[in-house]
Amino acid sequence: MIPELPSLLELFIELSVPLWTDNRNLYTAIVIPPYEHYRLGKDSKGAPALLIKLDSRQGRNSPPPIRLQHLFVAHSLECEIHHKSSVESGLFTVISCIDADRPMVAYFLRVLQALFPILGDNPSPSIINNAVEQLVELFQALKNPPIKTAQGLWAELLIIAEASDAGDLIDAWHLMPDELYDFNCGQHRIEVKSTSGQMRRHHFSLAQLLSPSGTELIVASVFANRAGAGKTVADLVEEISTRLASTPERVLRLYQVVASTLGDSWRQSTLEMFDRQAACQYLAF
């Protein structure tokens, strides 16, 4: 049984910004129940960080730090942590978000939330390194050009969100957005096409329509029209990840596909809202 994890975003909002200091490794933080070796921290710039407490043996022969556009990872840092009236010092692996703007903070914390069940309460250095590699892959993808529009991805996410078993569709979802079909589980394939306006007109490659013998191909046609009170890609991702909380590997796959699809357009996608009610009403297969 995977223990229920409180919302990291809600916990983070409650943290105060530490007072200015020359100590760059100073955080206000809180222990994340039930993971006693983890601290959710906020640095002097108001950005979030995950601090994993190490013992002296884990501090030896640490990998070099990693710095990306939005992510910084350092091992065996001597940190000072303040929470209310208590102060804690020790060695920590620090995984921090460099930005403090809300979209990036929310993205960072939701990805971390998916990693917790995989890490476990007292992770070994190898488990921590594997988790860091997955984080690095996700954040590196945010620097790449987009492979698909937010509208196209939103339509695929809608199909997952409306499915009776979202997990099965996540398993079948393309990891590389340029694959021939959006969902492929062997004998069954689903290709999702979206359009705006009121005309159901879609474009296909010839290969998409010539599915292999013995397979079934279904085309899902989605009207994705912008609406001021609609749902964004981020809204659907959050909904799906909440449903799949008991299967963290699927949640990570969800974030991997979204990051590799949107690339550096992900921030703009948080502003594009589509009419979910109308899309469901006129969904056709």
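Where in the chain is the place of Pro34? Keep that question in mind while you look at the whole model first. The structure is a predicted model.

**Stop 1: the whole chain**

Show everything as a cartoon. The chain holds 10 helices and 10 strands. Now turn on the C-alpha atoms. Along the principal axes, they fill a box of roughly 60 × 40 × 35 Å. A compact globule of 285 residues would have a radius of gyration near 19 Å, and the chain has 21 Å, so the two agree.

Switch to a surface view. The chain exposes about 14,300 Å². Carbon and sulfur atoms supply 52% of that area. Of the 285 residues, 46% count as buried.

What about contacts along the sequence? Take the contacts between residues at least 6 apart in sequence. Of these, 71% join residues at least 24 apart.

**Stop 2: Pro34 and the first hairpin**

Select residues 26-42. Here is the reply to the opening question: Pro34 sits in the loop between strand 1 and strand 2. Zoom in on the peptide bond between Pro33 and Pro34. That bond is cis, with omega about 0°. As background, most peptide bonds are trans.

Now look at the two strands on either side. Strand 1 covers residues 26-32, and 5 bridges join it to strand 2. The two strands run antiparallel. A hairpin of 2 residues links strand 1 to strand 2. Select Ile32 next. Its bridge partner in strand 2 is Tyr35.

**Stop 3: strand 2 and its other neighbour**

Stay on strand 2, residues 35-42. Is this strand mostly covered or mostly open? It is mostly covered, with 6 of its 8 residues buried.

Add residues 48-53, which make up strand 3. Strand 2 and strand 3 are antiparallel too, and 5 bridges join them. Click on Leu40, then on Leu50 in strand 3: they stand opposite each other. This second hairpin has 5 residues between its strands. In its turn, find Gly46, which has a positive phi of about 85°.

**Stop 4: Ser76**

Move to strand 5, residues 71-83, and pick Ser76. Ser76 is not a glycine, yet its phi is positive, at about 55°. For context, most residues other than glycine have a negative phi.

**Stop 5: an open sheet of three strands**

Select strands 7, 8 and 9. These 3 strands form an open sheet in the order 7-8-9, with mixed pairing. Which strands stand at the edges? Strand 7 (183-184) and strand 9 (216-223) do, and each has a single partner strand, so one side of each is left without a neighbour in the sheet. Bring in helix 4, residues 150-162. Helix 4 packs on the sheet and touches strand 7, strand 8 and strand 9. Its direction makes about 130° with that of strand 8.

Next, follow strand 8, residues 188-195. It runs parallel to strand 9, and 8 bridges join the pair. In general, strands of a sheet pair through backbone hydrogen bonds.

**Stop 6: Lys193**

Click on Lys193 in strand 8. Is Lys193 buried or exposed? Its relative accessible area is 13%, under the 20% cut-off, so Lys193 counts as buried. Its bridge partner in strand 9 is Ser221.

Show side chains. The side chain of Lys193 makes a polar contact with the side chain of Gln208, at 3.4 Å. Beyond its neighbours within four places in sequence, Lys193 is in contact with several residues, including His202, His203, Phe204, Val219 and Val222.

**Stop 7: Leu217**

Slide over to strand 9 and pick Leu217. Leu217 has 25% relative accessibility, so it counts as partly exposed. Leaving out residues up to four places away in sequence, it touches Tyr181, Arg189, Glu191, Gln208, Leu209 and Ser211.

Now select Gln187. It is 30 residues from Leu217 along the chain, and their C-alpha atoms are separated by 8.5 Å.

**Stop 8: Ser7**

Finish at Ser7, in the segment before helix 1 (8-14). Ser7 is partly exposed, at 27% relative accessibility. Draw a distance line to Ala166, which is 159 residues away along the chain. The C-alpha atoms of Ser7 and Ala166 are separated by 21 Å.

Notes: Residues numbered from 1 in each chain as written. Predicted model: local features only at pLDDT ≥ 70, side-chain atom pairs only at ≥ 80, totals over all residues. Heavy atoms only, no water. Pairing = 2+ DSSP bridges. Helix = DSSP H or I, 4+ residues; strand = E, 2+ residues; numbered from the N terminus. Contact = heavy atoms within 4.5 Å. Axes fitted to C-alpha atoms, helices over the stretch in contact; angles between N-to-C directions. Rg over C-alpha atoms; globule rule 2.2 N^0.38 Å. Buried < 20%, exposed > 50% of the residue type's maximum accessible area, 1.4 Å probe, protein only. Areas by Shrake-Rupley, 256 points an atom, 1.4 Å probe, with all protein chains shown as cover. Polar contact = N/O pair within 3.5 Å; in protein donor to acceptor, adjacent residues only side chain to side chain.
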